[in-house]
Amino acid sequence: MHHHAQPRAPYLLNSSSRKFLFSLYQVFNEIYPVWTYSYLVLLFPVFVATDYLRYKPVVLLQGLSLIVTWFMLLYAQGLLAVQFLEFFYGIATATEIAYYSYIYSVVDLSMYQKVTSYCRSATLVGFTVGSVLGQILVSVAGWSLFSLNVISLTCVSVAFAVAWFLPMPQKSLFFHHIPSTCQRVNGIKVQNGGIISNTPASNHLPGWEDMESKIPLNLEEPPHEELEPRADRLLVLKVLWNDFLICYSSRPLLCWSVWWALSTCGYFQVVNYTQGLWEKVMSSRHAAIYNGGVEAVSTLLGAIAVFMVGYIKISWSTWGEMTLSLCSLLIAAAVYVMDTVGDIWVCYASYVVFRTIYMLLITIATFQIAANLSMERYALVFGVNTFIALALQTLLTLIVVDASGLGLQIETQFLIYASYFAFIAVVFLVNGAVSVIKKYRKQEDQESGSAVTAS
């Protein structure tokens, strides 16, 4: 469901075809932050509009904004033009949620798991092929970055053309699928607004406990005419808010979501700015660079790690937080090594370790969250988690990166990101230790209790 932002090419550093080059400082402290801000501002309006317009128009908007982004990438001149380019890239990434929601709206519930794995595989394969092809064309065939961007523009144009032929969904999760005012609490119907529905409760995934299962979303509705369109919209927002409160009142879900938001924020920062760090360590003007190859290897290893997740047998409810803590520490170490060693191959290796661990963990987090959710709430929770991650990233960008903030050098920035992941590790270590101790105490109490009754 959720897609991770992919690294961007260092499109302004060494494109031989450009008459107008930017300094590293301008690229990373004045241009890239625009993407973060526009992504954050657009995410919520796009989330609501996606549902209201029934997905397809927003999928087309994404295709169009990608075409504009790549066209400007080829021909935009000057700082302001390139900042506009980043704004269009922000539209493209914010509208990504429409593509995933669209797929879920046109397939049957029983196909969700299959479709999710198809989407994930398609994204990883596309990214790996792109990285390998790019690396081969640059290293072997001696192509310029301009030529690579022409290929990218062609690909997104084809994707945009294909999107026109997608069928238009008849329903959506919220606006065109208005939740009934009838709730089912523990199998008993409760009448709120005088309308009683005879349909079964929504399809919940196993592992859903506590009160979360008490408000089904996916009920058949009374006819649309019974509700005023305005009241209709207000009801949707009200249901969204109630759903939000219910979802996040579950401790496991809250725990995985907090890790998701915190680490995704750090991941975005590292992935977006790592090209700048590599450029500092070894300039692409003076040596052959293997950025594309490294991206491909890290994606491939990430894909293998993602595949292996299905076979890991751990009691996540007990050891989940400790696992998150340990892996966050490894991520912090990888970022620190990348920043301080000053050897490009060590940088590359650390980056591969960093991305592989992150992709492994984010997949586990996705499974854990999904196990605690009905599919109807899926988009909401992942949307909220991404929004929080972006809000944190915006804060981090404003303070650390933006020229109007501290505008720190790239090495200092990465030192801060390493400390950030170490902080996450400490938070989850403390939290995890507390919950493990609680669990064992509970077990001991139960055992001593049963021993007393036995005697």
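User: In which helix is S152 found?

Analyst: S152 is found in helix α6, residues 145-163. The model is a predicted one.

User: Why does S152 count as partly exposed?

Analyst: The relative accessibility of S152 is 23%. Buried means under 20% and exposed means over 50%. The 23% of S152 lies in between, so S152 counts as partly exposed. As for its place in space, S152 and G130 are 22 residues apart in sequence and 8.9 Å apart from C-alpha to C-alpha.

User: What makes A349 partly exposed?

Analyst: A349 has a relative accessible area of 43%. That value falls between the 20% and 50% limits, so A349 is partly exposed. A349 has its place in helix α11. The C-alpha atoms of A349 and V294 are separated by 8.2 Å, with their positions 55 residues apart along the chain.

User: How do you know that I437 is partly exposed?

Analyst: The relative accessible area of I437 is 48%. The cut-off for exposed is over 50%, and that for buried is under 20%. With 48%, I437 meets neither cut-off and is therefore partly exposed. I437 sits in helix α13, which runs over residues 410-454. T318 is 119 residues away from I437 along the chain, and their C-alpha atoms are 9.7 Å apart.

User: Is D339 buried or exposed, and why?

Analyst: D339 has 12% relative accessibility. This is under 20%, so D339 counts as buried. D339 belongs to helix α10. Leaving aside neighbours within four places in sequence, D339 is in contact with L277, I410, E411, F414 and L415. D339 and W278 are 61 residues apart in sequence, with a C-alpha to C-alpha distance of 9.3 Å.

User: Why is α10 called roughly antiparallel to α11?

Analyst: Helix α10 (residues 316-340) and helix α11 (residues 344-371) pack at an angle of about 160 degrees. Angles over 145 degrees count as roughly antiparallel, so α10 is roughly antiparallel to α11. Their axes are 9 Å apart, and α10 passes α11 in a left-handed crossing.

User: Which residues make the contact of α10 with α11?

Analyst: From α10 come W316, L324, C327, L330, I331, A334, V335, V337 and M338. From α11 come V346, C347, S350, Y351, V353, F354, I357, Y358, L361, I364 and Q368. By class, the contact of α10 with α11 has 18 nonpolar, two polar and no charged residues.

User: How do you know that α2 and α3 are roughly antiparallel to each other?

Analyst: The axes of α2 and helix α3 (residues 79-94) cross at roughly 155 degrees. The cut-off for roughly antiparallel is over 145 degrees, so α2 and α3 are roughly antiparallel to each other. Their axes come within 8 Å, and the crossing is left-handed. The contact is made by L61, Q62, S65, L66, V68, T69, M72 and L73 of α2 and A81, F84, L85, F88, Y89, I91 and A92 of α3. This contact of α2 with α3 has 12 nonpolar, three polar and no charged residues.

User: What makes α4 largely enclosed by the rest of the structure?

Analyst: Helix α4 covers residues 96-106, and nine of its 11 residues are buried, so it is largely enclosed by the rest of the structure. The buried residues of α4 are E96, I97, A98, Y100, S101, Y102, I103, Y104 and S105.

User: Where is Y55 found, and why does Y55 count as buried?

Analyst: Y55 is found in the loop between α1 and α2. Its relative accessibility is 2%, which is under 20%, so Y55 counts as buried. Phi of Y55 is near 65 degrees, a positive value in a residue other than glycine.

User: Why does R54 count as partly exposed?

Analyst: R54 has 22% relative accessibility. This value is not under 20% and not over 50%, so R54 counts as partly exposed. R54 is found in the loop between α1 (24-52) and α2 (56-75), and has a positive phi of about 60 degrees although it is not a glycine.

User: How many helices and strands are there in the protein?

Analyst: The protein has 13 helices and two strands. Of its 455 residues, 49% count as buried.

Notes. Residues numbered from 1 in each chain as written. Predicted model: local features only at pLDDT ≥ 70, side-chain atom pairs only at ≥ 80, totals over all residues. Heavy atoms only, no water. Helix = DSSP H or I, 4+ residues; strand = E, 2+ residues; numbered from the N terminus. Buried < 20%, exposed > 50% of the residue type's maximum accessible area, 1.4 Å probe, protein only. Axes fitted to C-alpha atoms, helices over the stretch in contact; angles between N-to-C directions. Parallel < 35°, antiparallel > 145°, perpendicular 65-115°, else oblique. Left-handed = near helix turned anticlockwise from the far one by under 90°. Contact = heavy atoms within 4.5 Å. Nonpolar A, V, L, I, M, F, W, Y, C, P; charged D, E, K, R; others polar.
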